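The following exercises concern a single protein chain. Each task is followed by a solution in steps.

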Amino acid sequence: MLLEVVPMQWNWKKSGLALGLTFVLAIVLVKPIGVSTQFVIVDGIIASLFNDSLVYPSSESPSGYGSDNAYLNKSGGKYAAAIANPLNYGLMFVASMIVGGFIASRQLRRQDADPPRLPLVHRQRFGNDTLKRYLLSFVGGFLCVYGARMAGGCTSGHMMSGMMQTSVSGFVFAASAFAAAVPTAIWLYDRGAKKS
């Protein structure tokens, strides 16, 4: 049974303040928020089911774990340690995001007996084909995760957490992300919306 929640929607100011406060609390109390690394950890957990020697205890590594896989062994075996002990802050944070998103979607369905399955801007550009929406979402998500791992972090880690810590790379990443995302969104959606 889902929790009863008072229906509400916040404007961008309240949402922005809540998001900023969440990031500040995370940095002060635990560590900066990052999400895409957990894809590597989950991949490693799955791979270790088929390869017992993928991750092993190592007294030479600062994390206490090592791997023959160079990517998992970088940063002193940090990824290898997270694979060996998966019930950690990062994985629980991402799992909580998924559970929270599910609960929020169920609450919104309770408020609206017949919620639209597709956003209006998507329907204007691509029609009412739900399969196309899922396919586009999957491809876009895959490209984002692939790029995030190539960059060594995602928008949460590089942009949000990075900028809050006044990291130059965070500001460069944010400028680059918007320089690519805004023209892409205009190309994908705005042009299509004007035709309909």
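Helices (H or I, at least four residues) and strands (E, at least two) are DSSP runs, numbered from the N terminus. The structure is a predicted model, in which local features need pLDDT of at least 70 and side-chain atom pairs count only at pLDDT 80 or more, while totals for chains, interfaces and linings use all residues. Residues are numbered from 1 along each chain as its sequence is written, and side-chain values use heavy atoms, with hydrogens and water left out.

**Exercise 1. Determine the position and burial of Gly90.**

Step 1. Gly90 belongs to helix H4, which covers residues 89–111.

Step 2. Three classes apply: buried is under 20% relative accessible area, exposed is over 50%, and partly exposed lies in between (1.4 Å probe, protein chains only). Gly90 has a relative accessibility of 6%, so this residue is buried.

Step 3. Pro32 is 58 residues away along the chain, and the C-alpha atoms of Gly90 and Pro32 are 9.9 Å apart.

**Exercise 2. Describe the overall architecture of the protein chain and the confidence of its prediction.**

Step 1. Eight helices and two strands are assigned. In sequence order they give α-α-β-β-α-α-α-α-α-α.

Step 2. Of the 196 residues in the protein chain, 21% are buried. A contact requires heavy atoms within 4.5 Å. Among contacts with a separation of 6 or more, 50% join residues 24 or more positions apart.

Step 3. The predictor's confidence in each residue is its pLDDT, on a scale from 0 to 100. The protein chain has an average of 83, and 89% of the residues score at least 70. Among the elements, the highest mean pLDDT belongs to S1 (94) and the lowest to helix H8, residues 168–195 (80). Residues 1–7 have a pLDDT below 50, and this stretch has nine contacts in the model beyond near neighbours in sequence.

**Exercise 3. Establish what surrounds Tyr79.**

Step 1. Tyr79 is part of helix H3 (residues 70–84). Its relative accessibility is 6%, and therefore Tyr79 is classed as buried.

Step 2. Residues up to four places away in sequence are disregarded; Tyr79 then touches Thr37, Val40, Ile41, Tyr71, Leu72, Lys74 and Arg149. For Val40, which is 39 residues away along the chain, the C-alpha separation from Tyr79 is 7.8 Å.

Step 3. A polar contact is a pair of N or O atoms within 3.5 Å; within protein, one must be able to donate a hydrogen and the other to accept it, and residues adjacent in sequence count only if both atoms are side-chain atoms. The side chains of Tyr79 and Arg149 form such a polar contact at 3.0 Å.

**Exercise 4. Which backbone atoms does the side chain of Ser67 reach?**

Step 1. Ser67 is located in strand S2. With a relative accessible area of 4%, Ser67 is buried.

Step 2. Its side chain reaches the backbone oxygen of Leu54 at 2.6 Å and the backbone nitrogen of Asn69 at 3.0 Å.

Step 3. Beyond four places in sequence, the residues touched by Ser67 are Leu54, Tyr56, Leu72, Asn73 and Ala80.

**Exercise 5. Is Ser58 buried or exposed?**

Step 1. Ser58 sits in the loop that joins strand S1 (55–57) to strand S2 (65–67).

Step 2. Its relative accessible area is 17%, so Ser58 is buried.

Step 3. Once neighbours within four places in sequence are set aside, Ser58 is in contact with Gly64, Tyr65 and Gly66.

**Exercise 6. Compare the surroundings of two residues that have a positive phi without being glycine, Ser75 and Thr166.**

Step 1. Phi is about 55 degrees for Ser75 and about 55 degrees for Thr166.

Step 2. Ser75 lies within helix H3, whereas Thr166 occupies the loop between helix H7 (155–164) and H8.

Step 3. Ser75 is exposed because its relative accessible area is 54%. Thr166 has a relative accessibility of 63%, so Thr166 is exposed.
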